[in-house]
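Work through the exercises below with the sequence and the model open side by side. Each task is followed by a solution that proceeds step by step.

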Amino acid sequence: MSADNCIFCKILADEIPSAVVYEDDLFRAILDVNPAARGHVIILPKKHAANLFELPDEETSKILIVARKIAGALMETYHCDGVNILQNNGEASGQTVFHLHVHVIPRFEGDTDHINIGWKPGETPENLQAIAEEIKANL
């Protein structure tokens, strides 16, 4: 299943070339063509899902196993100091391609000049338990 104008579906259909680093029945992992760092990989489910909420539970759990495997290979290959595993859902979160994908990005001490992933920590709210209860009501 694919979306008509989805660039990742076209990559998965081999209509657009890519550098594949991993593939199994459910996923293909390719090098990002606009990488944040050398070795930046994106993991694509073979079935189109716009975001995490459209991916079946079984595949959702398996994609993190693939991410861990790729992260280990990046650590071994580049001897990096860390790895970001990042996944955005919705435009407000920074998602620009609406086919679920997981970024695996090698990180090195001091590379923050060109890679800006994160947020500025805020103050701890006084009502943490009330916030937790709001969320738990919808689980």
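**Exercise 1.** In this predicted model, determine in which sense strand S1 and S2 pair, and over how many bridges.

Solution. Begin with S1, which covers residues 20-23, and follow its bridges to S2: the two strands pair in the antiparallel sense over 3 bridges. Next, take Glu 23 and look for its bridge partner in S2, which is Arg 28. Finally, examine the connection, where 3 residues lie between S1 and S2, the two strands forming a hairpin.

**Exercise 2.** Describe the largest pocket by its volume, and then by the residues that line it.

Solution. The volume of the largest pocket comes to about 380 Å³. Its lining consists of 22 residues, and those nearest the centre are Phe 8, Asp 32, Asn 34, Ile 42 and Val 97. Turning to the elements, helix H1 (7-12) and strand S2 (27-31) are those that give two or more residues to this lining, with H1 giving the most, namely 3 residues. Sorted by class, the lining of the largest pocket holds 12 nonpolar, 9 polar and 1 charged residues.

**Exercise 3.** Explain why the sulfur of Cys 9 forms no bond with the closest cysteine sulfur, in Cys 6.

Solution. First recall the cut-off, by which a disulfide requires two cysteine sulfur atoms within 2.5 Å. The sulfur of Cys 9 lies 3.6 Å from that of Cys 6, its closest cysteine sulfur, and is therefore too far away for a bond. The count of disulfides by this rule is accordingly 0, and Cys 6 is in none. As for accessibility, Cys 6 counts as buried at 7% relative accessibility, and Cys 9 also counts as buried, at 6%.

Technical notes:
Residues numbered from 1 in each chain as written. Predicted model: local features only at pLDDT ≥ 70, side-chain atom pairs only at ≥ 80, totals over all residues. Heavy atoms only, no water. 1 Å grid on protein atoms, 1.4 Å probe; cavity = no way out; pocket = protein on both sides within 12 Å on 5 of 7 lines; lining within 4 Å. Points joined across faces, edges and corners; volume = space filled by probe spheres on them. Helix = DSSP H or I, 4+ residues; strand = E, 2+ residues; numbered from the N terminus. Nonpolar A, V, L, I, M, F, W, Y, C, P; charged D, E, K, R; others polar. Pairing = 2+ DSSP bridges. Buried < 20%, exposed > 50% of the residue type's maximum accessible area, 1.4 Å probe, protein only.
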